[in-house]
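Dear colleague,

Please find the structure below, handed over for your consideration. A summary of what was found in it follows.

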Amino acid sequence: MTDQPLIGGCLCGDIRYQITPPALFVSQCCCKDCQKATGTGHTTIFGLRSQQLQLQGTPKTYTNAGESGGSVTRHFCGECGGRLYTTGDLPGDTIVIMQAGSLDDPNLISPESVIYTKDAVTWDVFDPALPQFEARQPRSL
Ligand SMILES: [Zn+2]
Ligand SMILES: [Zn+2]
């Protein structure tokens, strides 16, 4: 994990952000909602405390009920639709889940686990060295 600031933003550049490292975790998430929200087999995410994220611009949001019943809000650019991050009723509600692909250099982070494998599609493949979890990964945050 790098200790230089992580910068990124949406596709059109209307929304930009800077992150104070370190990320709390980095995972590949295979859940159904990530598939629908991103149009991919899985999405690569990393966790932060909200105070680590500095945002320029105002994302649009979409909120639905997550699998645990709590609300999950996805933040994205209203202009280009680029996905940026997710917040919600997660354990310790100061957590922000960033979309790793929105980083200007996504190679600065690397996945440490695969989560929600129960929803993984058959054609998606993962690094066999990574620990896999059927649903949420137990974390002490
Ligand atoms: Zn945009
Ligand atoms: Zn997910």
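**Strands and sheets**

In this predicted model, Gln18 stands opposite Gln54 in β5. Gln18 belongs to strand β2, which covers residues 16-19 and is joined to β5 by 4 bridges, the two strands running antiparallel. Both strands are part of an open sheet of 3 strands, ordered β1-β2-β5 and paired in antiparallel fashion. At the edges of this sheet are β1 (6-9) and β5 (53-56), each of which pairs on one side only. On average, and with direction ignored, neighbouring strands here are turned by 15° against each other.

A further open sheet contains 7 strands in the order β6-β7-β8-β9-β4-β3-β10, and its pairing is mixed. Its edge strands are β6 (60-65) and β10 (113-115), and each of them pairs on one side only. Neighbouring strands of this sheet are turned by 30° against each other on average, again with direction ignored.

Within the sheet of 7 strands, β3 (residues 25-29) and β10 run parallel and are joined by 3 bridges. Ser27 stands opposite Ser113 in β10. As general background, the strands of a sheet pair through backbone hydrogen bonds, in either a parallel or an antiparallel manner.

**The zinc ion**

Which residues supply the protein donors of the zinc ion (ligand 2)? They are Cys29, Cys31 and Cys34, each through its SG atom, at 2.2 to 2.3 Å from the ion. Along the sequence, these donor residues follow the spacing C-x1-C-x2-C. Of the donors, Cys29 is given above as a residue of β3, whose range is 25-29. Are Cys29 and Cys31 buried or exposed? Both Cys29 and Cys31 are buried.

**The second largest pocket**

The second largest pocket has a volume of about 210 Å³. Its lining consists of Gly9, Cys10, Leu11, Thr38, Thr40, His42, Thr43, Gly82, Arg83, Gln99, Gly101 and Ser102. By residue class, the lining divides into 9 polar, 2 nonpolar and 1 charged. One of the lining residues, Gly9, also falls within the range of edge strand β1 (6-9).

I should be grateful if you would look at these points alongside the structure shown above.

Yours sincerely

Definitions and conventions: Residues are numbered from 1 along each chain as its sequence is written. Chains are lettered from A and ligands numbered from 1 in the order in which they are written. This is a predicted model: local features need pLDDT of at least 70, side-chain atom pairs count only at pLDDT 80 or more; totals for chains, interfaces and linings use all residues. Side-chain values use heavy atoms; hydrogens and water are left out. On a 1 Å grid over the protein atoms alone, a cavity is a set of points where a 1.4 Å probe fits but cannot get out, and a pocket is an open set with protein on both sides within 12 Å along at least five of seven lines; lining residues have an atom within 4 Å of a point. Grid points are joined across faces, edges and corners, and a volume is the space filled by probe spheres set on the points. Ala, Val, Leu, Ile, Met, Phe, Trp, Tyr, Cys and Pro count as nonpolar, Asp, Glu, Lys and Arg as charged, and the others, Gly among them, as polar. Donors are N, O and S atoms within 2.8 Å of the metal (3.2 Å for Na, K and Ca); water is not among the atoms, so sites may look incomplete. Buried means under 20% relative accessible area, exposed over 50%, partly exposed in between (1.4 Å probe, protein chains only). Two strands pair if DSSP finds at least two bridges between them. Axes are lines fitted to C-alpha atoms, for helices over the stretch in contact, and angles run from 0 to 180 degrees between N-to-C directions.
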